[in-house]
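The exercises below are meant to be worked through with the structure in view. Each task is followed by a solution that goes step by step.

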Amino acid sequence: MGELLRELEEERSRSASMKGHFNVLEQQLSDARSSAQENMARELKRELSKITQTFTSQVHSLEEKISQLVSEKELIYGELKSTQAKVQDEASHRQSLEAEVLRLKRSKTDNCVEESKTLCGMVRSGSGLGSEAFMHKSGNLKETLASQRGTISKIFEEVGLPNVLALLKSEELEVQIHAVKVVANLAAEDINQEKIVEEGGLDALLSLLETSENTTIHRATAGAIANLAMNVSNQALIMNKGGARLLANIASKTDDPQTMRMVAGAIANLCGNEKWHAMLKQDGGIKALLGMFQTGHTDVIAQIARGLANFAKCESRVISQGHKKGRSLLIEDGVLSWIMANSTMFPPSTRRHIELAFCHLAQNVENSRDIIITGGIKELLRISKESSRDDARNLAKKALNSNPAFLKEIQ
């Protein structure tokens, strides 16, 4: 519009100039007539006619451009008004959703996913190794969890998953925190996991894990990822999108035991898939597990032990099937030394995972030298006789009886 108006001004200026020239020509024509110079007069008339035609054509062209410009202006103005109305509607809808989340937050079921001891269904055992779930320790807690799941279902039904995921990007920290808690609890149910991933929930969670500085968000986000990592296809997505690296990064900079528990649980679930062992090690997942041992927190150490058992069991299986050879990746990261130093220090459930991890490592003959050097023969003998679990005792006996190097050491 500005360009066309500028052109119009230029044409008007030229028109004024032409009019001046026209007046001069008329004066010359008058002079020619008065002096009987008819030939010159005719020539001037022809020139005047050409100029008049050109001027008329230019004016007509400008009028058409101005008419077109006015039409475009009206169209753009209409689109602008429509867009403004949509933006206002969306802003109003978002405020309504945020207000609803805050209202639900203040309800009596606000305890849902508030702290680690009542974190609904997060970080379930996914290895078939018999890890005890974090929840369901008493009848009262079961009732609390049922109430909390009812609240989550209500949020899901009233707000809808796409809108809950949209709230993960809210500028209000309180809204963002409660949205990620809702997603974490939804992820605890297998039926919701596929929908969460399809709607971009995994990407949003990983983005939060990378950009947020809030400990509560880290804790709930890691718990949600832990639950999603129960699914094999989700494990591939988490690993390919750098999830292990992000989890390891959170583990290195947090001092909150409950956040570490969630992170350790997520990594432990990823350890249950041998396809991602090399990447998990490369992205710092194994070192992150061992690093979190320093917290001394029983629940964190339980998840560390579960992760090592998952990793060792899967690795032992593919080696026994002839799909892989070589020294264990766990030994390269110092896990064997950690196991030898801590195998008898913890409660039975944690100790069982540590024993299983060690016994599975012992099934790989490529690990024989490391096990012998670290005094592992003595530990295998202890497990074969004293372990409270039949599976651990049987694995220890199998390793001792099938490995010539171990038999030689015993003799």
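**Exercise 1.** How many salt bridges does the count come to?

*Solution.* The model is a predicted one, and for it the count comes to 16 salt bridges. One of them joins the side chains of Asp-256 and Arg-219, with 3.0 Å from N to O. To place this pair, note that Asp-256 lies in the loop between helix H10 (243-253) and helix H11 (257-270) while Arg-219 belongs to helix H8, so the salt bridge ties together parts that are 37 residues apart in sequence. As a last step, consider accessibility: both Asp-256 and Arg-219 are buried.

**Exercise 2.** Find which residues are linked in a network of salt bridges with Arg-382, and place the pair that Arg-382 forms with Glu-355.

*Solution.* Begin with the pair itself, in which the side chains of Arg-382 and Glu-355 meet at 3.1 Å, N to O. Arg-382 is part of helix H19 (residues 376-386) and Glu-355 part of helix H17 (residues 348-362), so parts 27 residues apart in sequence are tied together by this salt bridge. Both Arg-382 and Glu-355 are buried. Widening the view, the network links Glu-355, Glu-379, Arg-382 and Glu-386.

**Exercise 3.** Determine which rings are linked into a cluster by ring pairs.

*Solution.* A search of the whole structure finds two aromatic pairs. In one, Phe-293 and Trp-338 stand edge-to-face, 5.3 Å centre to centre and with 90° between the planes. This pair links distant parts of the chain, since Phe-293 sits in the loop between helix H13 (285-292) and helix H14 (298-320) and Trp-338 in helix H16 (residues 335-342), 45 residues apart. Phe-293 also forms an edge-to-face pair with Phe-346, at 6.0 Å centre to centre and 85° between the planes; Phe-346 lies in the loop between H16 and H17, 53 residues apart from Phe-293. Ring pairs thus link Phe-293, Trp-338 and Phe-346 into a cluster. Because buried means under 20% relative accessible area, Phe-293 at 18% counts as buried, and Phe-346 at 13% is buried as well.

**Exercise 4.** Describe how helices H7 and H8 pack, and what kinds of residue make the contact.

*Solution.* Helix H7 (residues 201-211) and helix H8 (residues 215-228) pack at an angle of about 145°, their axes lying 9 Å apart. The contact includes Leu-202 and Leu-205 from H7, and Ile-217 and His-218 from H8. Sorted by kind, the residues of this contact comprise 10 nonpolar, two polar and no charged. The crossing of H7 past H8 is left-handed.

Technical notes
Residues are numbered from 1 along each chain as its sequence is written. This is a predicted model: local features need pLDDT of at least 70, side-chain atom pairs count only at pLDDT 80 or more; totals for chains, interfaces and linings use all residues. Side-chain values use heavy atoms; hydrogens and water are left out. Axes are lines fitted to C-alpha atoms, for helices over the stretch in contact, and angles run from 0 to 180 degrees between N-to-C directions. Helices (H or I, at least four residues) and strands (E, at least two) are DSSP runs, numbered from the N terminus. A crossing is left-handed if the near helix is turned anticlockwise from the far one by less than a right angle, and right-handed if clockwise. Contact means heavy atoms within 4.5 Å. Ala, Val, Leu, Ile, Met, Phe, Trp, Tyr, Cys and Pro count as nonpolar, Asp, Glu, Lys and Arg as charged, and the others, Gly among them, as polar. A salt bridge is a side-chain nitrogen of Lys or Arg within 4 Å of a carboxyl oxygen of Asp or Glu. Buried means under 20% relative accessible area, exposed over 50%, partly exposed in between (1.4 Å probe, protein chains only). Rings of Phe, Tyr and Trp (its six-membered ring) pair if their centres lie within 6.5 Å; planes under 30 degrees apart count as stacked, over 60 as edge-to-face and the rest as tilted.
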